[in-house]
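Let's work through a few short exercises together. Keep the structure open beside you as you go.

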Amino acid sequence: MTAENFEYPDFYQFPPSFTIQPVLATREKQLALWRELILKYHTDLRIKTLVVHECPLWKNETIGRELNEAEVNAVMEDFCKSGHGEWEDPGTKTRCRILWRKPEQLASDLYDWAEKNGFINSVCTVYELHSGEDVNGMSFQGADEQLLRRALAVLESQGRCTVFKGETSSEDGIKFF
Amino acid sequence: NKPPTRKQTRLTEMPRRGRIGVGRASAAPRFTEKAEEMKAVSLQSAMETVQKLETKLADFSKKHKHEIQTDPAFRAKFLQMCAPLGVDPLSSKKGFWEKVGLGIGEFYYELAVKVAEVCLASRSRNGGIISVSEVRRILMKRGTKFKLSSSTGGKVDKYSRDDIITAVEKLSKLGSGFRTVHVGSTVMIVSVPTELNNDHMEVMRIANEDGPNKGRVTVIDVQRGTEWNEDRVRRALDLLLSEGMAWIDIQKGKNSFFWFPSVWKEGFDSFESEE
């Protein structure tokens with residue numbers, strides 16, 4: 001899918017969507033819609049990183065509306081708080097890693113896959129998890145390594161796997177329990 | 001000699017049924033009796049008339065069952081016939097209309113449930129007010145069909161705005177807080193207990209006017225349309241904003257617009273959030 005044939009949701013044509021609403025309940029709804037749009041746009045177009053000042057979503061030329069800088073910040077804060085995004089540069093907040101699936105979701109996807117494919121008590125590498133032959137169609141296929149590590153950290157904290165160092169980071173091993 | 005006591009007077013006068021009566025006074029009870037008799041007779045005949053009417057309507061509905069079930073316009077006319085006669089074919093009472101087997105009572109019940117679902121799902125974006133047309137559009141898009149009562153079988157997939165209004169009226173009677181309001185010529189369903197007074201309705205009516213600005217107003221638009229002072233306009237808009245029925249659109253150097261999702265001409269087919 002390209003940017004040209006991306007299907008924007010109806011709220012994107014609604015001018016007030018580009019003004020952060022003063023009424024709390026309305027604002028919550030509005031921010032939820034923006035979260036979904038950001039996630040869907042970046043997921044469908046397979047874009048891993050949102051560069052804030054380059055993102056085409058903030059302005060809708062067709063209706064002549066745009067989010068100003070403060071409003072963009074509000075949307076991004078909310079987006080990251082929801083667990084769908086992570087700042088590569090938390091100090092300057094210009095580049096945001098898109099977490100297509102939240103680490104917790106990926107973690108359970110990974111574990112389910114490991115169970116179904118007999119990887120419990122055996123080892124596979126980080127590389128195999130995102131690019132191996134057995135992961136066709138899985139949510140973690142092609143996943144950003146950082147995101148994968150976040151998911152593995154979740155599993156580790158649940159006692160469902162251990163990660164140990166390999167020669168390169170891609171060769172780091174994971175043992176599922 | 002003491003004057004006779006009332007009791008004695010009564011005894012000596014001998015009016016019928018123990019009532020006091022001398023001259024004019026004695027005529028009154030007889031009139032009252034007669035009036036009572038007449039009332040009883042007319043009530044009896046009124047009841048017979050209603051029963052006859054109900055039977056006639058039931059026969060009609062049996063003959064035209066298919067049309068009533070499948071043609072929204074015919075169905076609406078049928079209900080209009082019943083209403084002024086005090087006949088309610090949608091009443092859930094068992095017996096009479098159940099035997100007719102029209103099945104539309106169940107259809108309206110199910111429709112009411114679906115209408116309520118659509119209203120509740122859309123509340124976060126429109127504040128709890130939505131047009132009947134939009135509800136119908138959403139249900140049609142979903143391909144929602146309704147079963148008639150199990151005794152008749154069949155499905156209803158053609159339903160009109162009138163059907164939806166009837167269903168909401170049923171909900172209304174159950175004290176659900178759902179009600180219809182008229183915004184200009186558009187019928188809307190309100191599913192929140194918010195008190196919408198005439199000022200609020202007038203603002204919405206202005207926003208609903210056909211034209212290039214349909215769906216939105218500025219403070220000045222409302223002032224022009226009503227001759228209210230600014231305070232009064234802002235008070236009405238503030239409530240609509242705080243209820244989520246209006247969203248604000250602020251642009252640098254321009255007057256703010258107040259947009260009404262329930263009236264916005266583009267509509268929100270896919271506005272329903274997953275979250």
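**Exercise 1.** Decide whether A:F14 and B:W259 are buried or exposed, then describe their ring pair.

*Solution.* Start with accessibility: A:F14 is buried, as is B:W259. Here buried means under 20% relative accessible area, exposed over 50%, and partly exposed in between (1.4 Å probe, protein chains only). Next, look at the rings: the pair is edge-to-face, at 6.1 Å centre to centre with 75° between the planes. Rings of Phe, Tyr and Trp (its six-membered ring) pair if their centres lie within 6.5 Å; planes under 30 degrees apart count as stacked, over 60 as edge-to-face and the rest as tilted.

This is a predicted model, where local features need pLDDT of at least 70, side-chain atom pairs count only at pLDDT 80 or more, and totals for chains, interfaces and linings use all residues. Residues are numbered from 1 along each chain as its sequence is written, chains are lettered from A and ligands numbered from 1 in the order in which they are written, and side-chain values use heavy atoms, leaving out hydrogens and water.

**Exercise 2.** Classify the ring pair of B:F60 and B:F74.

*Solution.* First, the ring centres of B:F60 and B:F74 are 6.1 Å apart. Then, their planes are at 5°, so the pair is stacked. Finally, check exposure: B:F60 counts as partly exposed at 26% relative accessibility, and B:F74 counts as partly exposed at 22%.

**Exercise 3.** How many aromatic pairs are there over all chains, and which residues do ring pairs link into a cluster?

*Solution.* The count comes to 17 aromatic pairs over all chains. Ring pairs link a cluster including A:F6, A:Y8, A:W34 and A:W58.
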